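These are my notes on how the chains meet and how the copies are related. I begin with one interface, then turn to the symmetry and to a single side chain.

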Amino acid sequence: MKFTGANILSVDQFNRDAIEHIFRIADLMEPYAHRRKRTRVLDGAILGNLFFEPSTRTRVSFGTAFNLLGGEVRETTGMESSALAKGESLYDTARVLSSYSDVIAMRHPKSGAVAEFAEGSRVPVINGGDGANEHPTQALLDLYTIEKELAHHGSTIDGMHLCIVGDLKYGRTVHSLSKLLCMFKQVNITLVSPPELGMPTSIVDLLESAGHKVTQVSELSGSMDADIVYQTRIQQERFTNLDEAEQYRGRFRLNSEIYTKHYKPNTVIMHPLPRDSRAEANELDNDLNQNPNLAIFRQADNGVLIRMALFAATLGVEHLVSRYDTDVIWYSDKANS
Amino acid sequence: MKFTGANILSVDQFNRDAIEHIFRIADLMEPYAHRRKRTRVLDGAILGNLFFEPSTRTRVSFGTAFNLLGGEVRETTGMESSALAKGESLYDTARVLSSYSDVIAMRHPKSGAVAEFAEGSRVPVINGGDGANEHPTQALLDLYTIEKELAHHGSTIDGMHLCIVGDLKYGRTVHSLSKLLCMFKQVNITLVSPPELGMPTSIVDLLESAGHKVTQVSELSGSMDADIVYQTRIQQERFTNLDEAEQYRGRFRLNSEIYTKHYKPNTVIMHPLPRDSRAEANELDNDLNQNPNLAIFRQADNGVLIRMALFAATLGVEHLVSRYDTDVIWYSDKANS
Amino acid sequence: MKFTGANILSVDQFNRDAIEHIFRIADLMEPYAHRRKRTRVLDGAILGNLFFEPSTRTRVSFGTAFNLLGGEVRETTGMESSALAKGESLYDTARVLSSYSDVIAMRHPKSGAVAEFAEGSRVPVINGGDGANEHPTQALLDLYTIEKELAHHGSTIDGMHLCIVGDLKYGRTVHSLSKLLCMFKQVNITLVSPPELGMPTSIVDLLESAGHKVTQVSELSGSMDADIVYQTRIQQERFTNLDEAEQYRGRFRLNSEIYTKHYKPNTVIMHPLPRDSRAEANELDNDLNQNPNLAIFRQADNGVLIRMALFAATLGVEHLVSRYDTDVIWYSDKANS
């Protein structure tokens with residue numbers, strides 16, 4: 001896959017080589033994301049950060065990634081203020097707004113809207129989430145986190161045991177992650193969910209066609225022997241009614257006691273965030289906050305690296321980043337972390 | 001007219017020399033807007049982009065123009081969050097906010113509000129639209145587009161035939177454009193609208209006093225022999241009631257069939273955008289999208305050039321832009337377009 | 001107090017040395033704030049400007065201050081769009097968002113929320129106002145303004161006579177200012193308010209413990225002999241009901257006639273802004289706008305200097321600012337003011 005000038009719309013665009021290519025660029029971004037170095041490789045470039053549906057962390061993560069490469073960010077948030085509300089086509093919006101920037105990151109509440117926009121755009125478009133459809137940068141940062149966490153334990157994605165827990169029916173995150181996993185070898189996947197919220201058959205079929213071992217269960221039992229446990233958020237807005245949401249809320253939670261009982265001492269804990277920290281939700285308990293295996297914040301940090309990598313690749317500067325770098329002169333605690 | 005330090009509040013400020021001066025600066029901006037070059041002439045300058053009424057494209061266009069000159073942008077959108085809602089005077093708001101920036105672009109829903117704000121401001125203020133009153137940067141980019149499109153055909157504004165179609169009563173865009181046209185010679189203007197939505201007599205008088213030939217008709221007939229057709233948006237919010245809006249919706253539309261029947265093969269098509277692309281609106285049909293004479297997106301692009309020119313002139317750097325420029329190192333498809 | 005890497009959450013953190021340190025850094029910022037020089041000392045640094053409660057001027061003032069030091073700004077405004085609304089803890093929000101920036105300025109409607117956020121943050125957090133609790137940068141800019149205005153008249157905070165007028169019960173601004181004044185000597189303070197809206201006893205006790213003379217009155221009478229009069233805003237939203245607000249609205253106003261009758265010819269007039277300029281409010285009349293002692297806009301300007309100083313101190317670059325400066329090449333009227 002050629003990245004320069006390309007749109008990033010779906011995980012389906014990626015083969016294993018493309019994934020590895022982006023991950024190696026992400027590795028190169030660490031000194032800049034950790035403020036040990038400053039680069040100006042995108043000096044003068046403008047990101048159009050178009051969030052027609054609010055998402056603070058994804059929006060800021062894209063913007064920060066672009067700033068860290070030396071570029072500027074022009075933002076739009078919300079729908080009501082836009083011409084789209086007055087009947088303008090996505091094609092027209094794209095023709096006009098794409099003349100204001102060099103690359104666009106876009107979130108939209110409607111499935112397919114980002115791809116439709118990309119057809120009218122004169123600059124590369126990166127999908128920041130289009131409704132229930134795709135959120136490819138989340139899937140890539142999840143997989144990148146798995147790779148890095150396993151490497152820390154001397155292990156690899158090929159041959160790992162991944163446990164995915166919670167709402168597997170509505171969670172676009174785990175669907176996209178599963179698609180990416182099909183490019184790897186001999187993954188052992190345990191899916192833990194109530195039967196009504198199980199992984200769609202099409203996804204299970206894909207995983208099995210790729211040679212992976214898939215086990216579906218409705219509760220944790222004994223030792224799960226998992227290298228990674230991926231907890232999913234109870235996305236209440238995905239349920240058809242409040243009763244259904246209430247029924248499963250908290251049934252597939254993870255806390256210190258459950259972790260000790262069912263997982264290995266070094267099982268890595270992931271979650272797409274945000275997690276609902278209210279007592280009645282309890283999907284991933286705060287009593288795990290000091291556990292070194294809790295990778296949820298490293299996972300969020302990796303989002304910046306992945307987005308930097310995609311911008312660098314899309315704008316064709318991955319080999320130039322270090323040529324335009326300088327020392328950081330101000331204090332940063334991050335440089336020591 | 002001296003631009004350095006001046007406010008840009010109304011098209012009435014401009015004479016033909018001033019217009020030509022801004023247009024020649026806009027021409028100089030092309031390499032930067034097209035990303036063939038990068039300039040830092042406004043390095044360290046801050047634009048206060050104050051949109052007390054939402055307008056995504058005008059807001060982003062101003063912000064992008066400032067970024068392309070090397071400056072930073074601080075933005076405010078919406079009214080409810082501002083001190084204005086707590087009874088603060090525009091004078092106070094201007095005194096305070098103007099200390100935070102070097103130039104201000106402002107949109108406000110109330111006629112005259114931008115001029116009132118400018119009286120309290122300590123930095124130049126550019127009117128980005130004040131209700132039904134003025135939107136001078138739109139008028140300038142319209143006229144600049146006409147000049148460039150005609151030049152492409154070896155022609156000039158002096159002596160052209162312009163056809164303006166649609167709602168000419170409420171459209172502030174065509175009123176401002178008409179005022180600017182008074183500084184040119186022997187323009188032939190055909191106004192096409194229902195009698196109830198005709199051009200105000202005061203504007204027609206101005207055009208005729210300038211020696212222009214004005215023809216008012218209520219429908220297209222035969223060949224219009226126009227060099228330019230300027231379609232206007234049906235601004236539903238300007239009508240006194242929904243019935244009135246419905247009555248004229250679509251009656252003065254333009255599509256491929258109508259274009260072929262009534263216009264010359266190279267008549268340039270303009271529109272202030274956004275256009276309503278819903279089937280029931282049909283003011284400017286998508287079937288013209290591939291027609292090379294459709295200038296509506298070039299028109300939007302020109303908005304960046306005009307706003308760059310106004311910033312450069314207002315901050316007195318028009319002669320310094322190229323002294324602070326460098327090569328663009330990242331990929332841009334725009335550089336080839 | 002060591003500033004590098006520290007949070008700025010409360011005026012209680014400051015002793016007199018710390019205050020003087022920040023004020024001397026603020027003095028150094030004048031050439032940059034007045035656009036006589038440009039510095040890039042924070043080149044590559046990112047401010048996370050998180051306003052979970054709207055406040056246009058405070059938000060823009062923080063952003064401008066950071067831009068003037070050469071840094072970039074990523075912003076979030078409003079609450080509804082944030083994960084906090086979906087039950088995310090402030091700790092989680094802080095862990096994630098602090099990875100996107102090098103320092104955070106934050107406003108939040110809930111008392112204590114900024115301190116709670118700071119516990120999860122991996123970068124320094126500056127409190128931009130947390131409900132009725134604290135707004136330390138406002139208190140510092142108020143005190144800095146008093147110092148500068150008195151110095152202009154050859155006087156000092158030690159030994160001055162300060163008159164504070166209006167709603168002293170609910171005004172967090174005057175509470176914080178009073179705490180800071182406790183580090184100075186022999187201040188004469190006259191508090192003018194209706195008895196029901198008097199200064200809390202705890203604050204009066206603090207001032208008296210510091211050796212200051214405190215006089216509480218319910219109306220202006222005779223000559224107040226004040227060096228400074230600090231008018232407070234009638235914050236209607238702080239009152240328990242509308243009747244209570246109406247009762248005192250305008251009773252403690254200041255206009256030219258009252259100023260001439262009760263104050264010295266060079267008494268400096270301050271106000272935290274915004275002031276309600278509607279006729280029925282009349283807390284600080286527009287007929288004082290041309291009075292050279294009206295310091296309210298210089299006070300707002302000083303906010304940029306103080307915030308620049310806090311950013312420079314927090315990021316440890318106060319001694320490096322001039323090493324990275326250059327000339328300003330564009331026109332600025334501010335350079336002459």
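**Entry 1: the interface of chain B and chain A.** I counted contacts first and found 36 residues of chain B touching 39 residues of chain A. The model is a predicted one, and I read the entries below with that in mind.

I then looked up the area. The size of an interface is often expressed as the accessible area lost when the parts come together. Chain B and chain A bury about 3,200 Å² between them, and 51% of this lies on carbon and sulfur atoms. I asked which three residues of chain B supply more of its buried area against chain A than any other three. They are Ile329(B), Trp330(B) and Tyr331(B), which supply 21% of the area that chain B buries there.

**Entry 2: charged and polar pairs.** For the interface of chain B and chain A, I noted seven salt bridges found by the rule. One I looked up joins the side chains of Arg57(B) and Glu88(A), with N to O at 2.4 Å. The rule also finds 13 residue pairs in polar contact across this interface, counting pairs with both residues at pLDDT 80 or more.

**Entry 3: what chain B brings.** I listed the elements that give two or more residues to the side of chain B touching chain A: helix H2 (56-68), strand E3 (72-77) and helix H10 (296-314) of chain B. H2(B) gives the most, with nine residues. I sorted this side of chain B by class and got 12 nonpolar, nine polar and 15 charged residues.

**Entry 4: the copies.** How is chain A superposed on chain C? A rotation of 120° with 0.0 Å of shift along its axis does it, at an RMSD of 0.0 Å. The two copies are therefore related as by a three-fold rotation axis. I also looked for the residue of chain A that comes closest to the rotation axis, and Glu72(A) is the one, with its C-alpha at 4.8 Å.

I compared the interface residues of the two copies. Only 8% of those in chain A are also interface residues in chain C, so the copies meet through different surfaces.

**Entry 5: Glu147(C).** I looked up where Glu147(C) sits, and the element is helix H6 of chain C, residues 136-152. Is Glu147(C) buried or exposed? Its relative accessible area is 18%; the cut-off for buried is under 20%, so Glu147(C) counts as buried. Leaving out residues up to four places away in sequence, I found Glu147(C) touching Glu20(C), Phe23(C), Arg24(C) and Ile157(C).

Methods. Residues are numbered from 1 along each chain as its sequence is written. Chains are lettered from A and ligands numbered from 1 in the order in which they are written. This is a predicted model: local features need pLDDT of at least 70, side-chain atom pairs count only at pLDDT 80 or more; totals for chains, interfaces and linings use all residues. Side-chain values use heavy atoms; hydrogens and water are left out. Contact means heavy atoms within 4.5 Å. Buried area is the accessible area (1.4 Å probe) that two parts lose on being put together, summed over both. A salt bridge is a side-chain nitrogen of Lys or Arg within 4 Å of a carboxyl oxygen of Asp or Glu. A polar contact is a pair of N or O atoms within 3.5 Å; within protein, one must be able to donate a hydrogen and the other to accept it, and residues adjacent in sequence count only if both atoms are side-chain atoms. Helices (H or I, at least four residues) and strands (E, at least two) are DSSP runs, numbered from the N terminus. Ala, Val, Leu, Ile, Met, Phe, Trp, Tyr, Cys and Pro count as nonpolar, Asp, Glu, Lys and Arg as charged, and the others, Gly among them, as polar. Copies are superposed by least squares on the C-alpha atoms of residues with pLDDT of at least 70 in both. Buried means under 20% relative accessible area, exposed over 50%, partly exposed in between (1.4 Å probe, protein chains only).
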